[in-house]
Every structure is written in structure tokens, then in C-alpha cells.
Amino acid sequence: MTSSPKRGPRGPYHSGREARRAILDAARAVFAEHGFRGGVLRDVAVRAGVSAGNIIHHFGSKEALLVALLEQRDVGAGMELRAAPGGFVAGLRALVRRNAADRDMIRLFTTLAAEATAPDHPAHDFFRERYASVSRETTTAVRAAREEGDLPSGPPADRLAAGLIAVMDGLQTRWLLDPDFDMVAAFDAHLEAIGAG
């Protein structure tokens, strides 16, 4: 009786991992251009160089692919701001600069966040939970920054946090519409206006 040849220890795992990465990269581009509802798995498959069946094999459904994509990007984007080198304000500036270097992902998030305001959207719960989590983290970071002297006292911390999040989201939308708009400089001006150190 002859034994079948053994597979290399990393072969199938590596190819599966690479296929998942290619699918996620393709989905990111398709959903950023067309939104979740307008983007179709066939287009994702063509860009990734795989079959639509391969996408289902790896993710199970279009909805599960979307959630995997959002989780991959977000990894708690709200972030380790309190622990950022230089403190909360420096962390905010670094986050805006990082976002300015990734137009496709910011387009994807902006498009999907708008779509997900519809209660029946598959990312609706994700974005509700994300905004709640980011708001809690940012509120805590604002309180700590005030104690450390990086932010002046003023309105309640949760309201200042909500304003910071809204300004960042609004500047991103303006930047997506006008590539020449300097989002980083505009956010720095906002921080100066609220007395950030």
C-alpha cells in the first residue's frame, strides 16, 4: 500500500491566507466604489482573481465578507489614543495623518457608514456599536487629557468627544470630494480653536 504524498506544512494554509487577503483587498475596492448594495461578488471575484464560489468558501456570504473587511480595518480605531506617544492630542493628529494616507479605506468607511444608517443594512449594528465604543473611548481620553493639561476645561467631556468625532468625519468627507483639501491642516486648526495643547 502506497501512502499519498504529504503536503508541505504551510502550503494550503499559506494559499488560503493569501486568497483571503486578495478577496478582502478586492472587496475593499469594490465596496468603496459602489457601496455594499451596489458592489457584487462577481466584481470582487474578478479583481481578486478567484471564483465567486471561492469567496463563499472563505467567508460564507457577502454580508460576512463585509463584516470581516470592517473588522480588519477597524481593529478598534478609537482607539489607543490615551496610550499614544505624546498623549491624546498627538494621537488624534497621528490618526488624521494615517487616515490621509489611505484614501480607499476612508472612502469605504464613509460610504458604508452612510449606507448603514438604514436599519436593514448588514453593517448597521457594526457601525452603531463602533460609534458607541469610539465615543466612550474618546470621552475617557478627553477627561484624561484635561487632567494632564492637554485640553482646557469646558463643555462636558462626552460633548467635546462627539464634536471631535464629527469634525473628523466631516473633514474626511470634504477631503474625499476635494483631493486638494488639506484635511490635516484643517484638523490642526480645529484643535487650536478648542485650545488643545
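**View 1. Gly86, out in the loop between α4 and α5.** This close-up of the predicted model starts with a glycine. Gly86 belongs to the loop that joins α4 and α5. Is Gly86 buried or exposed? Its relative accessibility is 70%, and the cut-off for exposed is over 50%, so Gly86 counts as exposed. Look for Asp150 in the frame too: it sits 64 residues away from Gly86 along the chain, yet the two C-alpha atoms are separated by 9.9 Å.

**View 2. The whole fold, helix after helix.** Let's zoom out for a moment. The protein chain has nine helices and zero strands. Reading from the N terminus, the elements go α-α-α-α-α-α-α-α-α. The chain has 197 residues, and 38% of them count as buried.

**View 3. Ala52 and its partner Arg42.** Ala52 is found in helix α3. Its relative accessible area is 37%, which falls between the 20% and 50% cut-offs, so Ala52 is partly exposed. Arg42 is 10 residues from Ala52 in sequence, and in space the C-alpha to C-alpha distance is 5.9 Å.

**View 4. The largest nonpolar core.** How many residues does the largest nonpolar core have? It has 28. Those with the most contacts inside the core are Phe31, Val44, Ile55, Leu65, Leu70 and Phe127. Two or more residues each come from α1 (11-38), α2 (41-48), α3 (52-59), α4 (62-74), α6 and α7. Which helix gives the most to this core? That would be α1, with eight residues.

**View 5. Phe109 and Phe127, ring against ring.** Three aromatic pairs turn up when the whole structure is searched. In the pair shown here, the ring centres of Phe109 and Phe127 are 5.6 Å apart and the planes meet at 70 degrees; that angle is over 60, so the pair is edge-to-face. The pair ties together distant parts of the chain, with Phe109 in helix α6 (residues 103-115) and Phe127 in helix α7 (residues 124-148), 18 residues apart. Buried or exposed, these two rings? Phe109 and Phe127 are both buried.

**View 6. Phe126 joins in, and a cluster forms.** Phe126 and Phe127 also make an edge-to-face aromatic pair, 5.3 Å from centre to centre and with 85 degrees between the planes. Phe127 has a relative accessible area of 5%, which is under 20%, so it is buried. Phe126 is buried as well, with a relative accessible area of 17%. Put Phe109, Phe126 and Phe127 together and you have one aromatic cluster.

**View 7. Ala113, on helix α6.** Helix α6 is also the place of Ala113. Why does Ala113 count as buried? Its relative accessibility is 19%, and buried means under 20%, so Ala113 makes the cut. His124 is 11 residues from Ala113 along the chain, and their C-alpha atoms are separated by 8.1 Å.

**View 8. Arginines over rings.** Two close-ups share this panel. In one, the charged end of Arg103 sits over the ring of Trp175, at 4.0 Å from the ring centre. In the other, the charged end of Arg130 sits over the ring of Tyr131, and here the distance to the ring centre is 5.7 Å.

**View 9. The cavity and its lining.** Searching the whole structure for cavities of 30 Å³ or more gives one. How much space lies in the largest cavity? About 40 Å³. Its lining is made up of Val96, Asn99, Met168, Leu171, Gln172, Met183 and Phe187. Helices α5 (88-100), α8 (157-177) and α9 (183-193) each supply at least two of these lining residues. The largest share comes from α8, which provides three residues. By class, the lining has five nonpolar residues, two polar ones and no charged ones.

Note on methods
Residues are numbered from 1 along each chain as its sequence is written. This is a predicted model: local features need pLDDT of at least 70, side-chain atom pairs count only at pLDDT 80 or more; totals for chains, interfaces and linings use all residues. Side-chain values use heavy atoms; hydrogens and water are left out. Rings of Phe, Tyr and Trp (its six-membered ring) pair if their centres lie within 6.5 Å; planes under 30 degrees apart count as stacked, over 60 as edge-to-face and the rest as tilted. Helices (H or I, at least four residues) and strands (E, at least two) are DSSP runs, numbered from the N terminus. Buried means under 20% relative accessible area, exposed over 50%, partly exposed in between (1.4 Å probe, protein chains only). A charge sits over a ring if NZ of Lys or CZ of Arg is within 6 Å of the ring centre and within 35 degrees of the ring normal. On a 1 Å grid over the protein atoms alone, a cavity is a set of points where a 1.4 Å probe fits but cannot get out, and a pocket is an open set with protein on both sides within 12 Å along at least five of seven lines; lining residues have an atom within 4 Å of a point. Grid points are joined across faces, edges and corners, and a volume is the space filled by probe spheres set on the points. Ala, Val, Leu, Ile, Met, Phe, Trp, Tyr, Cys and Pro count as nonpolar, Asp, Glu, Lys and Arg as charged, and the others, Gly among them, as polar. A nonpolar core is a set of buried Ala, Val, Leu, Ile, Met, Phe, Trp, Tyr and Cys residues joined through side-chain atoms within 4.5 Å.
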